[in-house]
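Biologist: I am new to this structure, so please pick one loop residue, look at it closely, and then walk me outward to the rest of the chain.

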Amino acid sequence: MSVAGSSLAAMTVLPPPQLSLSADEARRIALRAQGFVGAPDRRAGVRGVLRALGAVQLDTISVLARSHELIPYARLGAVGRQAVEQAYWSDGHSFEYWSHAACILPVEEWPHFAFRRRARRARGHRWHVLADAERSCAAVLDRLKADGPLTSTELGGAKNGGPWWDWSETKIAVEWLLDTGEVVCTTRRGWKRVYNLAERAVPGELLHDDLDDTECIRRLVAQAGAAMGVATRADLADYHRLKGEEVAAVIDDTGLVPVEVEGWGKPAWADPAALAAPVRGRHRTTLLSPFDSLVWDRPRTERIFGFTHRLEAYTPKAKRVHGYFAMPLLAGGRLVGRVDPAREGRTLIARQVTLDGPKAVQPAADALAEAAGWVGCVEARVERVVPETLREALVGAVKLTHDRR
């Protein structure tokens, strides 16, 4: 062997240097990926928000509005509430299924949840067990074939007469069929799921479970990475409630780029598109649903924003710190307070406002005034403020802001 050949053989091929991001860069990337920086794309509208996020969580609590309404509002501003519902639930653009929790999902993602439908089938039952599963499921399918989309009430009733979890055989059967993909929910009526045959509601080119588990998970990890901008493995897993080992098995094939983020202390990955251009544009000032994908992962929220938050709706009233449905206040790209809202007629009430300091007063007033107008209130009233020393300033700012509008 020649000397030159020996030298080449002895050379070590080094991996490319890993990109480093400051904590502020990571925060701004995350905000832009979630739609809170720059002018909102109003042409894409609510459906554009859904496609960008990949999942919008549903929840029964309605204070200011239901959570799935608050998600596009937080990004687009005062888009009409009826327009929000129309965008989600018309023309087969979305379906409801289990992602981060019960979520609205873009219909084009139907094939990528095949892995979860297969897992449900393999388990063989929900936590409710049917006495005669074959008969009950067949009866539901026959009704839907004959009569078209129906609610559980129209199918025969959801409850046996006991507490909310005491489901009827029909309700258990139709939810099992939803889990396994024979039935789908593409609309709600009066907050009730409307069940339809998947073969009738899902576009033909999407109605398949052809993708194997690896391909499904690869796609969902890539989508979560794009929706978050930059994320740890735990963040990527939590977005669609995957397992850490599932993420680890596909991460190298997602196109996400390994990065190091100042202060995170854990490996992270970024969406290449998020790294391609600097983050520029105006930051949105708004109230966030506790179920918003920007903040639904509590450890990630604390890591990125230094903001500890928990939903206290299920905490006994005497033990609540910030309120029943305290909504984080986003301003200037940071979380600077919380507002616990309520409504009395056409008055929006801030039952408790918790602020980080005087600089948060005007953003809180702006957010309250915009939220009041969005839900049709003509007045906003502030009750308790923490710290109390900011109460007078906030009350005055809310009045002035409301008068200007």
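Modeller: Happy to! Let us start at Arg241, which counts as partly exposed because its relative accessibility is 43%, between the 20% and 50% cut-offs. Please keep in mind that this is a predicted model. Arg241 sits in the loop that runs between helix 12 (233-239) and helix 13 (244-250). Its backbone deserves a look too: phi is positive, at about 55°, although Arg241 is not a glycine.

Asp91 also has a positive phi, near 65°, and it is a residue other than glycine. Asp91 belongs to the loop between helix 5 (81-89) and strand 3 (94-98). At 64% relative accessibility, Asp91 counts as exposed.

A further loop has another backbone feature. The peptide bond from Val386 to Pro387 is cis, with omega near 0°. You will find Pro387 in the loop between strand 14 (379-386) and helix 17 (391-404).

One more loop brings us to Arg282, between helix 14 (272-275) and strand 10 (286-287). Arg282 counts as exposed, at 73% relative accessibility. Even so, Arg282 has partners from elsewhere in the sequence: leaving aside neighbours within four places, it is in contact with Phe36, Val37 and Gly38. The C-alpha atoms of Arg282 and Ala39 are separated by 7.0 Å, with these positions 243 residues apart along the chain.

Now turn to Asp340, in strand 12 (residues 334-344). Asp340 is buried, with a relative accessible area of 4%. A polar atom of the Asp340 side chain lies 3.3 Å from the backbone nitrogen of Tyr324. Beyond its neighbours within four places in sequence, Asp340 is in contact with several residues, including His322, Gly323, Phe325, Ile349 and Arg351.

The aromatic rings come next. A search of the whole structure finds eight aromatic pairs. In one of them, Tyr73 and Trp374 have ring centres 4.1 Å apart and planes at 10°, so the pair is stacked. Tyr73 is part of helix 4 (residues 67-76) and Trp374 is part of helix 16 (residues 361-374), so this pair ties together parts 301 residues apart in sequence. Both Tyr73 and Trp374 are buried. Trp374 has a charged companion as well, since Arg81 lies over its face at 5.7 Å from the ring centre. Likewise, Arg303 lies over the face of Trp264, at 4.8 Å from the ring centre. Elsewhere, ring pairs join Phe95, Tyr97, Trp110, Phe113 and Phe115 into a cluster.

Finally, step back to the whole chain. It holds 17 helices and 14 strands. For 405 residues, a compact globule would have a radius of gyration near 22 Å, and the 24 Å of this chain agrees with that. The C-alpha trace spans about 85 × 65 × 40 Å along its principal axes. Of the 405 residues, 52% are buried. Among the contacts with a separation of 6 or more, 66% are between residues 24 or more positions apart. The accessible surface comes to about 19,000 Å², and carbon and sulfur atoms hold 53% of that.

Note on methods
Residues are numbered from 1 along each chain as its sequence is written. This is a predicted model: local features need pLDDT of at least 70, side-chain atom pairs count only at pLDDT 80 or more; totals for chains, interfaces and linings use all residues. Side-chain values use heavy atoms; hydrogens and water are left out. Rings of Phe, Tyr and Trp (its six-membered ring) pair if their centres lie within 6.5 Å; planes under 30 degrees apart count as stacked, over 60 as edge-to-face and the rest as tilted. Helices (H or I, at least four residues) and strands (E, at least two) are DSSP runs, numbered from the N terminus. Buried means under 20% relative accessible area, exposed over 50%, partly exposed in between (1.4 Å probe, protein chains only). A charge sits over a ring if NZ of Lys or CZ of Arg is within 6 Å of the ring centre and within 35 degrees of the ring normal. A polar contact is a pair of N or O atoms within 3.5 Å; within protein, one must be able to donate a hydrogen and the other to accept it, and residues adjacent in sequence count only if both atoms are side-chain atoms. Contact means heavy atoms within 4.5 Å. The radius of gyration is taken over C-alpha atoms; the globule rule is 2.2 Å times the number of residues to the power 0.38. Accessible areas come from the Shrake-Rupley method with a 1.4 Å probe; for residues, only the protein chains shown count as cover.
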